[in-house]
Structures are given as C-alpha cells and as structure tokens.
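Subject: Structure for you, plus some notes

Hi,

Here is the structure I promised to pass on. Have a look at it first, and then read my notes underneath.

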Amino acid sequence: MKRRVVSVLMAAVISVGLCACGSSGGDAAGGSATEDSQSQESAASNGEVLEVDFWSAPNVDQFNFWTKKASEFNEAGIEVDGKKVEVKVQQMPESPSSEAGIQNAIATGTIPAASENINIGFSATLAESEALYDIQDEDWYKEIVKNRVMETAVEGWELDGKQYVIPEYINPMSLEWNVKALEIMGIDVPKTMDDFKGMLEAFVEHRDELSAAGISHTFYRPALLRSDQWWERWYDFQQFYQSLNGGGKWVDGDQLTFTQEGMEATLEMIGMLGNTIMVDEVEPLWSADEVAVVFSISAPWEIESLTEAGKVYGEDYVYGPCIVNNAGDTAYSFGDSKGIVFYKNESISEEEHNGAVAFISWVYSAENSAQSDLEFFEALNMMPVRGDIDTNEVFAEKMDGTPAYVDLATYIPNTIPAMAHAKMTEIQEAFTEAAMVPYISEAINCEPLNAPDAKVYVEDAIQAMKDAGGLN
C-alpha cells in the first residue's frame with residue numbers, strides 16, 4: 001500500500017516537473033486540461049506502455065544494479081502522458097570502445113534515451129554535436145542535486161555554463177603509503193613539498209634497512225613511460241599539478257590554462273625521485289607479502305581485494321593527500337568519475353525522453369536516492385557522488401566496516417574530473433609524448449633529489465597540446 005501511495009505522488013510530481021521538458025500532454029499540446037486528463041485515463045485503462053531504453057556500463061555489476069532499479073521502477077507503475085513507463089536495460093557495446101559504440105548508435109539511430117558511463121571529456125564531444133540534452137534549468141535535475149548534496153560536485157561538470165551529466169560515482173584518487181616503510185624511515189605521511197623531500201632523504205639514509213624489508217623503490221608508476229596510455233595522466237600528472245598549483249583546469253574552453261611554472265614544478269617533483277621510481281610492471285604489488293615500494297597512486301576499487309588478501313588499513317597501508325607546497329594549502333586530486341546523460345536524437349521520441357527522466361528522477365528521489373547510492377556502493381565498491389557520504393547514517397555501516405573509505409570520503413570535495421574538451425584524448429596524448437615520457441626517461445637515470453630541468457620539455461608540450469587541441 002505504501003509503495004502505491006508513493007507511486008501516485010511521484011507520478012504527480014513528475015507530471016508537473018516534466019512540463020519544463022516540453023511534455024506532449026495537457027495545454028502544451030493545445031488541448032484543455034480536462035480533455036488531456038480524460039485522454040490519459042483512457043490510455044492508462046487501455047494498458048498502454050511506454051518503453052524506454054537505458055544503457056548501463058559494459059560490465060556485469062553495473063548492468064545488474066540498473067536492471068534491479070529498472071525492475072523496481074517498473075513495478076511502481078509510474079506513468080508519463082497516461083502511459084505506464086517500462087525501462088529496459090542493456091549493456092552498452094564496448095568494442096572497440098564504449099565511446100565508439102555510443103557514437104555509432106547515434107549515427108544509426110539506435111541510441112537509448114539515456115545511459116550511464118559518460119565522463120566529462122566525452123560529454124563535451126557529445127554536447128558539441130548536439131547529441132545531449134542540457135539539464136541545468138530543469139526542476140527535476142535541481143532536486144537530484146539537492147537530494148544527493150551535489151552542489152559543489154557539479155561545478156566541475158559545467159560546459160560553457162551548461163550541465164549535461166548527472167554525476168553518478170567518483171573514485172577520489174590519493175596516495176597509498178606503505179606503513180612499514182614509513183616506520184622504518186621514522187616519518188609520517190608526507191603532505192607538503194618539504195615533507196616529500198624529507199621522505200626521499202630518509203629513503204636514501206635508510207636504504208639498507210628498507211632493502212632488507214623488501215622495499216627497493218620509492219614510487220611505483222610504470223605508466224610514466226607508456227606513451228600509449230594517455231588516460232594515466234589523470235592519475236599522476238593532473239592531480240599532482242592541481243594540488244601544487246591550487247586547483248584549476250587543464251583547458252578552459254579553447255584556452256590552454258596550464259601554467260608553465262606549474263607544469264615544470266610538477267614534472268620536477270616526480271623527477272626528483274630519480275632512479276628510485278619503479279617502472280617495471282609488478283603484479284601483485286600491494287597484496288604481496290612484502291610491498292616493494294614506499295608509495296603509489298591509490299586505486300580505491302582495489303580496497304576489497306586488499307582486504308581479501310589480509311591487508312589491514314592503517315597497519316599495512318594508509319591513504320594520504322596529494323602533495324601541496326605549504327601546510328594549509330588545499331590538496332586537490334583527480335576524481336575518476338562518470339555519470340548519466342540523456343540523448344537527443346530523432347529516433348528518441350519526446351515521450352521516451354520524459355520516461356527516461358521519470359526513471360532517473362525516481363532512482364534519485366528524496367525517498368530513494370540514499371538507498372540507491374548505497375546499493376550501488378555495495379555492488380561496485382565505487383563511491384557515489386554525494387556530499388554527505390561520510391555523515392549520512394544510511395552509509396554508516398558500509399563506511400564503518402571499511403575504514404579506508406572513511407579517509408577517501410574526505411577527499412571527495414576537492415576532486416577535479418577530467419578536462420571538459422572534445423579533444424581531450426589528443427591533448428593528453430600530446431602532453432604524454434612531448435613531456436612526460438621523454439622527461440621521465442631522463443629522470444630515472446638520475447640520483448634522487450637531482451631532478452632534470454623540465455623547462456624544454458614543458459615548452460615542447462605546451463605547443464604540442466595547442467596544436468593537438470586547436471587551443472590558444
């Protein structure tokens with residue numbers, strides 16, 4: 001009985017809210033409210049169904065989550081324009097990539113009304129080709145932002161003053177530190193540049209003791225020498241740069257906004273590690289009996305596997321913020337994050353779009369949003385984009401049961417997503433090939449604390465990035 005009451009209320013709210021989306025019913029279609037009501041009652045009594053397609057990410061866990069949500073929504077009997085909405089979920093294609101699969105579906109008119117798995121860079125590509133609805137002025141979108149306490153988080157998703165994406169999950173990146181190594185060196189988790197230099201000095205001083213404990217290098221990062229892995233720059237260079245540079249973007253519109261000074265400082269911070277950087281692939285690393293490095297870039301999705309391997313957070317490993325220049329500076333980091341979009345295509349009717357909006361509005365309604373996010377968190381071990389995840393009692397058991405998540409949650413407010421530019425790939429490839437790979441190739445032949453001068457590499461990279469992205 002309670003579900004039915006809620007369904008009726010939701011239907012009423014959605015009916016009003018969708019007017020802003022150009023609903024085809026009511027006075028907007030030129031008919032009277034009475035005529036429209038009679039028409040909807042007739043349609044509902046005839047059992048008319050509005051089928052809406054939704055694509056999940058191309059993995060089983062996310063498909064299962066969205067299939068469950070669709071089933072619950074369908075059972076709720078929510079109607080749009082007098083038709084019962086039924087959502088059908090399928091995994092988006094992943095070969096040769098999910099992005100390519102989406103673009104092909106747009107071109108062939110087989111795109112769903114909505115999907116997840118869209119990052120800010122790809123949303124810029126889609127928005128540029130007018131393939132997405134902008135949603136910033138819609139009341140239902142504002143309600144979702146309010147329900148999930150996302151007011152700060154959505155700022156990083158803005159494209160030319162517009163919003164196209166509802167952020168779904170976020171993996172706040174941080175640095176992962178080997179507790180045994182810190183204890184041998186007699187230091188705390190480094191937070192400032194002085195701390196960082198002190199860590200490296202301590203590594204050199206205690207090298208024999210560390211080696212006896214199986215710790216041979218300071219930093220593990222094979223991707224630094226992989227020119228084909230442009231996306232890895234999100235996890236290393238981007239967050240190091242933004243933390244040292246006080247935030248900011250790689251690109252703003254068609255303007256390259258990197259500062260040369262900040263780029264040089266970031267490369268040289270990594271470069272001062274010199275030949276203590278481990279660039280050979282090691283599997284497993286953190287779940288091994290002896291962890292061979294002092295620190296690496298954290299991967300929050302590995303928490304469960306570390307727990308299964310018997311690793312204890314706070315005893316074997318601990319997370320720390322990205323390095324800042326001085327105590328008191330904000331430590332920014334990269335937020336590995338994707339979200340939900342609504343596709344604008346001739347093959348998608350206005351009713352289908354409104355049905356997709358009704359579905360997502362229901363999932364993230366005031367009544368359902370916290371539970372939906374908890375189920376997503378439990379199923380995927382990826383943190384939903386919420387400003388209250390460390391204070392909302394709904395998440396208390398999940399957070400208390402895994403202390404690593406408690407620390408990670410503190411980094412969410414200062415995470416920055418990927419650049420919002422249609423040529424994100426080309427720009428990051430240009431930087432990687434012109435600066436990162438050649439610079440690190442030189443640095444790993446140097447002694448610690450003797451970083452090569454990065455000026456020439458940065459100058460080359462700035463020009464290469466401008467050329468690749470058509471930037472000023």
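Below is what I found, going from the core and helix packing to single residues and backbone oddities.

Some ground rules first. This is a predicted model, so local features need pLDDT of at least 70 and side-chain atom pairs count only at pLDDT 80 or more, while totals for chains, interfaces and linings use all residues. Residues are numbered from 1 along each chain as its sequence is written, and side-chain values use heavy atoms, with hydrogens and water left out.

**The core**

The largest nonpolar core has 145 residues, and those with the most contacts inside it are Trp66, Ile166, Met263 and Ile360. (A nonpolar core here is a set of buried Ala, Val, Leu, Ile, Met, Phe, Trp, Tyr and Cys residues joined through side-chain atoms within 4.5 Å; buried means under 20% relative accessible area, exposed over 50%, and partly exposed in between, with a 1.4 Å probe and protein chains only.) Helix 17 (residues 424–443) gives the most to this core, with 10 residues. Helices (H or I, at least four residues) and strands (E, at least two) are DSSP runs numbered from the N terminus.

Ile360 is a good place to start clicking. Leaving out residues up to four places away in sequence, Ile360 touches Phe54, Trp66, Ile144, Ile166, Ile340 and Phe342; contact means heavy atoms within 4.5 Å.

**Two helix pairs**

Ile360 also turns up where helix 13 meets helix 3. Helix 3 (residues 60–76) and helix 13 (residues 350–363) pack at about 105°, with their axes 10 Å apart, and are therefore roughly perpendicular to each other. Axes are lines fitted to C-alpha atoms, for helices over the stretch in contact, and angles run from 0 to 180 degrees between N-to-C directions. Under 35 degrees counts as roughly parallel, over 145 as roughly antiparallel, 65 to 115 as roughly perpendicular and the rest as oblique. Helix 3 brings Trp66, Lys69, Ala70, Glu72, Phe73 and Ala76, and helix 13 brings Ala358, Phe359, Ile360, Trp362 and Val363. By type, the residues of this contact are 9 nonpolar, no polar and 2 charged. (Ala, Val, Leu, Ile, Met, Phe, Trp, Tyr, Cys and Pro count as nonpolar, Asp, Glu, Lys and Arg as charged, and the others, Gly among them, as polar.)

The other pair is helix 11 (residues 260–271) with helix 18 (residues 455–469), whose axes come within 9 Å and cross at roughly 125°. That makes helix 11 oblique to helix 18. On the helix 11 side, the contact is made by Gln260, Met263, Glu264 and Leu267, and on the helix 18 side by Lys455, Val458, Glu459, Ala461, Ile462 and Met465. The split for helix 11 with helix 18 is 6 nonpolar, 1 polar and 3 charged.

**An enclosed helix**

Helix 5 (residues 120–128) has 7 of its 9 residues buried, so it is largely enclosed by the rest of the structure. The buried ones are Ile120, Gly121, Phe122, Ser123, Ala124, Leu126 and Ala127. They pack against helix 4 (98–108), strand 4 (114–118) and helix 17.

**Two buried residues**

Ser174 sits in the loop between strand 5 (166–172) and strand 6 (175–178), and is buried at 1% relative accessible area. Outside four places in sequence, Ser174 contacts Gln239, Ser296, Ile297, Ser298, Tyr319, Gly320, Leu408 and Tyr411.

Val318, in strand 12 (residues 317–320), counts as buried at 18% relative accessibility. Val318 and Asn178 are 140 residues apart in sequence, yet 6.9 Å apart in space, C-alpha to C-alpha.

**Backbone oddities**

Most residues other than glycine have a negative phi, and most peptide bonds are trans. The exceptions I noted are these:

- Ser95 to Pro96 is a cis peptide bond, with omega near 0°; Pro96 is in the loop between strand 3 (83–91) and helix 4.
- Glu283 and Pro284 are joined by a cis peptide bond, omega about -10°; Pro284 lies in the loop between strand 10 (277–278) and strand 11 (293–297).
- Val149 has a positive phi of about 55°, lies in the loop between helix 6 (139–147) and strand 5, and counts as partly exposed at 36%.
- Asp160 has a positive phi of about 50°, is also in the loop between helix 6 and strand 5, and is exposed at 75%.

Cheers
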